[in-house]
Amino acid sequence: MTMKTLLTAAAIISSAIGVQKAPVSPSTIDSSLARLGFTTAQPQLSDEFKSLDQQANPLPPEPWAKADPADSLYRLAREAMARSDWKRAAEIFHRIPERYPQSSYAGQAMYYEAYSLYRSGGDDDLSSARDRLNELKTRFPSIASSSDGTTLFTRVCGELAKRGDESCARTITEKADPGTVGTAPRQGRSCPSDDDEDDDRIAALNALLQMDADQAMPILKKVLERRDACSAALRRKAVFLVSQKRTPETANILMSVARSDPDQEVREQAVFWLSQVPGSTGLLEQILQGNSDENIKEKALFSLSQQNEPRAQQILRDFAMRESESSDLREKAIFWLGQRRSTDNTEFLRTLYTRLTDQDLKEKILFSLSQQKGAGNDQWLMNIALNTKEDIELRKKALFWAGQNGVAIPQLAQLYDRMNDTEMKEQIIFVLSQRQREPAAIDKMFDIAKTEKDADLRKKAIFWLGQSRDPRVQQFLLDLINK
């Protein structure tokens with residue numbers, strides 16, 4: 001998965017529970033559970049739970065019953081959690097309901113014992129966590145049936161299912177299967193949202209990520225067949241999960257969603273995740289040809305940029321040429337062509353530049369070519385900068401990107417000396433200021449500050465010298481002051 005794709009990745013904040021006399025404390029399950037599992041983790045836990053070990057510890061509520069006989073144990077367990085000492089925390093939490101079954105801390109302790117065991121991540125720990133949560137259902141049903149209680153149980157069971165537990169596999173299948181949960185939320189239960197990782201329906205779908213495709217895909221297809229507004233977040237999650245199951249029908253399922261789902265974001269996500277499915281080039285081309293929605297087309301352009309087939313790059317080139325498309329979309333195609341270095345793309349962009357009249361598109365080509373280092377683009381950009389027939393703003397941008405691309409300082413210095421245009425000379429000073437780690441750039445700015453006839457240009461050079469850390473600058477400025 002590329003860095004560009006990872007940018008879509010986002011962490012979500014979990015919610016809290018409050019029981020008996022305990023004050024409600026935010027983030028009592030997870031301070032941040034990564035929605036798509038793009039972070040790293042200890043080897044015991046599977047991908048959808050990765051971020052748990054990367055985040056600050058979500059502590060139980062502050063102690064609230066000093067006279068309670070279990071108060072000191074609760075404090076010790078809470079301190080162990082703060083140190084991420086999950087084994088120790090689970091051990092101490094276990095003692096509270098065992099020794100003091102009537103304690104006001106007993107319900108919280110059972111929940112956080114299960115949570116600490118879950119964080120430990122071993123097979124025996126996960127089995128013990130499930131047993132403790134089942135016991136919680138009997139002794140403290142209000143906690144077990146809360147959104148946090150049911151979600152933790154789903155996560156524990158999901159991890160056990162991934163490790164081969166058939167009972168948990170059935171449980172997760174039932175929770176994720178829309179035929180089981182119905183098409184409308186239960187009474188008093190709201191529709192899940194994208195950031196609602198504490199909803200057990202979302203957690204059940206997450207658990208499918210690590211399950212066998214033969215088990216997961218039929219359920220995911222059922223989820224995607226739903227059309228009620230309440231299932232939109234579930235369908236968005238299902239779209240991602242389908243994209244991760246590399247089956248012969250993956251691309252066609254996503255394409256069907258892109259064409260027919262009633263929710264705009266679900267359709268966009270389906271097109272976006274086609275970027276991760278090899279062999280989707282033809283389907284993405286169909287989207288560009290047969291869809292009038294610009295957001296969908298934008299996602300299709302990105303997805304094409306991620307395909308490794310030469311045909312995908314040709315489609316992007318053809319799209320960039322298409323005058324019937326909006327400038328914004330053509331700019332996107334040009335940008336993605338610049339991100340994939342190839343002789344064909346370089347030659348195409350240079351040729352396209354000469355044919356365009358749209359200044360924004362030409363500017364985007366300057367940037368895109370600047371991203372393809374080592375292809376002779378620095379000199380091509382310098383030629384644009386020197387072309388007096390070009391718009392002055394484009395010349396200045398070409399000069400800037402040539403400087404960023406590593407054009408030689410002596411060449412910039414020579415250009416300054418023979419340049420008559422004040423705006424371009426000012427731009428050269430700025431470009432030199434961006435290369436201050438190179439002594440030759442500082443030397444040229446010294447020369448400009450001392451010998452340039454235009455007072456404004458001398459001031460510009462002096463200003464940028466003042467931003468430099470070159471040890472020679474301090475003495476130079478002092479000499480100017482004492483002159």
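Trainee: Buried or exposed: which word fits both cysteine 157 and cysteine 168?
Mentor: Start with the scale: buried means under 20% relative accessible area, exposed means over 50%, and partly exposed is in between, using a 1.4 Å probe and protein chains only. On that scale, cysteine 157 and cysteine 168 are both buried.

Trainee: Good to know! What pLDDT do local features need here?
Mentor: Residues are numbered from 1 along each chain as its sequence is written, and side-chain values use heavy atoms, with hydrogens and water left out. This is a predicted model, in which totals for chains, interfaces and linings use all residues, side-chain atom pairs count only at pLDDT 80 or more, and local features need pLDDT of at least 70.

Trainee: Back to the cysteines, then. What is the S to S distance in the disulfide of cysteine 157 and cysteine 168?
Mentor: A disulfide is a covalent bond between the sulfur atoms of two cysteines, and here it is called when the two sulfurs are within 2.5 Å. Searching the whole structure turns up one disulfide. Cysteine 157 is joined to cysteine 168, with an S to S distance of 2.0 Å.

Trainee: How many residues apart are cysteine 157 and cysteine 168?
Mentor: Helices are DSSP runs of H or I with at least four residues, strands are runs of E with at least two, and both are numbered from the N terminus. Cysteine 157 sits in helix α7 (residues 147-162) and cysteine 168 in helix α8 (residues 166-176). The separation between the two cysteines is eleven residues.

Trainee: Which hand does the disulfide of cysteine 157 and cysteine 168 have?
Mentor: You can read it from the torsion about the S-S bond of cysteine 157 and cysteine 168, which is about -100°. The disulfide is therefore left-handed.

Trainee: Now the whole chain. What percentage of its 483 residues count as buried?
Mentor: The chain's secondary structure comes to 27 helices and two strands. Among its 483 residues, the buried share is 52%.

Trainee: Which helix gives the most to the largest nonpolar core?
Mentor: A nonpolar core is a set of buried Ala, Val, Leu, Ile, Met, Phe, Trp, Tyr and Cys residues joined through side-chain atoms within 4.5 Å. The largest has 132 residues, and Phe93, Leu208, Leu220 and Leu399 touch the most other members. Giving nine residues (from its span 106-120), the top contributor is helix α4.

Trainee: Take leucine 399 from that core. What is its relative accessible area?
Mentor: Leucine 399 belongs to helix α22 (residues 392-404). Contact means heavy atoms within 4.5 Å, and beyond four places in sequence leucine 399 has contacts including Met382, Leu412, Met424 and Val431. Leucine 399 is buried, with a relative accessible area of 0%.

Trainee: And leucine 117: how far is it from lysine 87, C-alpha to C-alpha?
Mentor: Leucine 117 lies in helix α4 and counts as buried at 10% relative accessibility. Not counting residues up to four places away, leucine 117 touches Ala90, Asp125, Ser128 and Ala129. Leucine 117 and lysine 87 are 30 residues apart in sequence, and their C-alpha distance is 6.9 Å.

Trainee: Which way do α25 and α27 run: roughly parallel or roughly antiparallel?
Mentor: Axes are lines fitted to C-alpha atoms, for helices over the stretch in contact, with angles from 0 to 180 degrees between N-to-C directions. Under 35 degrees counts as roughly parallel, over 145 as roughly antiparallel, 65 to 115 as roughly perpendicular and the rest as oblique. Helix α25 (residues 439-451) and helix α27 (residues 471-481) pack at about 5°, with axes 11 Å apart. The pair is therefore roughly parallel.

Trainee: How many charged residues are in the contact of α25 with α27?
Mentor: Pro439, Ile442, Asp443, Phe446, Ala449 and Lys450 of α25 meet Arg472, Val473 and Phe476 of α27. Ala, Val, Leu, Ile, Met, Phe, Trp, Tyr, Cys and Pro count as nonpolar, Asp, Glu, Lys and Arg as charged, and the others, Gly among them, as polar. That contact has six nonpolar residues, no polar ones, and a charged count of three.

Trainee: One last puzzle: what is the phi of serine 84?
Mentor: Serine 84 is placed in the loop between α2 (71-82) and α3 (86-99), and counts as partly exposed at 36% relative accessibility. Most residues other than glycine have a negative phi. Serine 84, although not a glycine, has a positive phi of about 60°.
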